Amino acid sequence: MTDLSIAIVTYNNERTIGAALDSLLSHLPPDLTCRIILVDNGSADRTLEIAGGYAGQITIVKSERGNIGFGAAHNLLLSKLDSRCHLIMNPDIHLQSVSALSNLVRYLDQHEDVGMVVPQVLSLNGERQFLCRQDPTVMDLMVRFFPGHLMAERQKRHTMQDHSYTRPFDVPFASGCFIMIRTALFQKLGGFDERFFLYLEDADLSRRVRREARVVYVPDAVVVHEWERSSYKNLRQTRVHIQSFYRYFRKWGWKWL
């Protein structure tokens with residue numbers, strides 16, 4: 001059994017995947033045994049060509065049915081995982097030190113009541129991204145599409161900016177860009193709910209984890225996230241986002257405000 005398995009799902013990520021793998025491989029903690037797995041969702045660009053240059057350092061798994069969705073692609077690994085902890089990492093993440101991974105594993109090891117942890121996330125310019133959120137309501141999700149700073153206070157409450165991001169705190173809705181979960185718990189839950197093709201699969205997973213254990217933000221672990229909010233720029237992605245909204249509230253109940 002390895003200490004940490006690391007999964008990255010790719011789909012046409014030729015621009016970011018090389019830098020993500022370089023930063024990851026450069027910052028693997030020497031005191032942890034790690035396995036890196038890249039799941040490709042049918043990329044049509046140079047993603048697989050670039051990933052192939054890391055042969056011997058990573059394992060590549062290809063979806064046989066093309067782009068099956070973010071959660072479904074991660075679930076392809078469920079039966080293959082043999083680790084204590086499992087990291088779900090986006091292909092636009094950069095690590096800057098070995099402490100990012102070691103601190104998250106250590107926090108899980110030291111807190112038996114915690115099932116999933118998330119790090120402090122920064123933008124390329126060093127600004128903090130407020131990715132810890134309250135359980136979504138219809139209003140909270142609609143507000144994210146409003147222009148400028150409309151209903152800014154509401155957005156701040158939803159992204160838990162009334163908490164100090166310099167200290168650990170419990171998180172209702174953890175961003176799926178970088179989450180570490182106990183492998184046995186991830187397998188027990190059956191991974192992601194594959195009815196969510198993209199978006200809100202992380203909100204759903206967070207709620208299911210919280211039935212079993214705590215979800216905690218750990219500021220001592222820091223990563224950088226490029227983060228392009230594609231659903232706000234692309235009509236097709238907006239449609240997928242709205243479909244996920246509907247499925248989420250159909251499952252968990254319609255909370256409007």
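**Close-up views of a predicted model**

**View 1. Strand β12 and the register of its parallel partner.** The residue that bridges V114 in strand β12 is R214, in a model that is predicted rather than determined by experiment. The pair belongs to the parallel arrangement of strand β6, residues 114-122, with β12, which extends over eight bridges. Strand β12 itself spans residues 214-225 and is mostly covered, with nine of its 12 residues buried.

**View 2. Antiparallel partners of strand β12.** Strand β5, which runs from residue 93 to residue 95, pairs with β12 in the antiparallel sense, and three bridges join these two strands. Within β12, the residue opposite I93 is H225. Strand β9, made up of residues 169-170, is likewise paired with β12 in the antiparallel sense, here over two bridges. In this pairing F169 stands opposite Y217 of β12.

**View 3. The largest nonpolar core and the contribution of helix α4.** The largest nonpolar core of the model contains 36 residues, and those with the most contacts inside it are M89, L95, L101, V117, F178 and M180. Helix α4, covering residues 99-110, supplies six residues to this core, which is the largest share. A second core, separate from the one just described, has 31 residues, among them F70, V118, V171 and L185.

**View 4. The surroundings of V117.** When residues up to four places away in sequence are left out of the count, V117 touches L104, Y107 and L108, together with I179, M180, V216 and V218. Both V117 and its neighbour in this view, M180, are listed with the residues that have the most contacts inside the largest nonpolar core. Two of the residues touched by V117, namely V216 and V218, fall within the range of strand β12, residues 214-225.

**View 5. Cysteines C85 and C177, with the cysteine sulfurs nearest to them.** A search of the whole structure for disulfides returns zero. C85 is accordingly in no disulfide, and the nearest cysteine sulfur to it, that of C34, lies 9.9 Å away. The side of the chain at C85 is nevertheless covered, in that this residue is buried with a relative accessible area of 1%. C177 is also in no disulfide, the nearest cysteine sulfur being that of C132 at 9.5 Å. C177 has a relative accessibility of 4% and therefore counts as buried, the limit for that class being under 20% relative accessible area.

Key. Residues are numbered from 1 along each chain as its sequence is written. This is a predicted model: local features need pLDDT of at least 70, side-chain atom pairs count only at pLDDT 80 or more; totals for chains, interfaces and linings use all residues. Side-chain values use heavy atoms; hydrogens and water are left out. A nonpolar core is a set of buried Ala, Val, Leu, Ile, Met, Phe, Trp, Tyr and Cys residues joined through side-chain atoms within 4.5 Å. Buried means under 20% relative accessible area, exposed over 50%, partly exposed in between (1.4 Å probe, protein chains only). Helices (H or I, at least four residues) and strands (E, at least two) are DSSP runs, numbered from the N terminus. Contact means heavy atoms within 4.5 Å. Two strands pair if DSSP finds at least two bridges between them. A disulfide is a pair of cysteine sulfur atoms within 2.5 Å.
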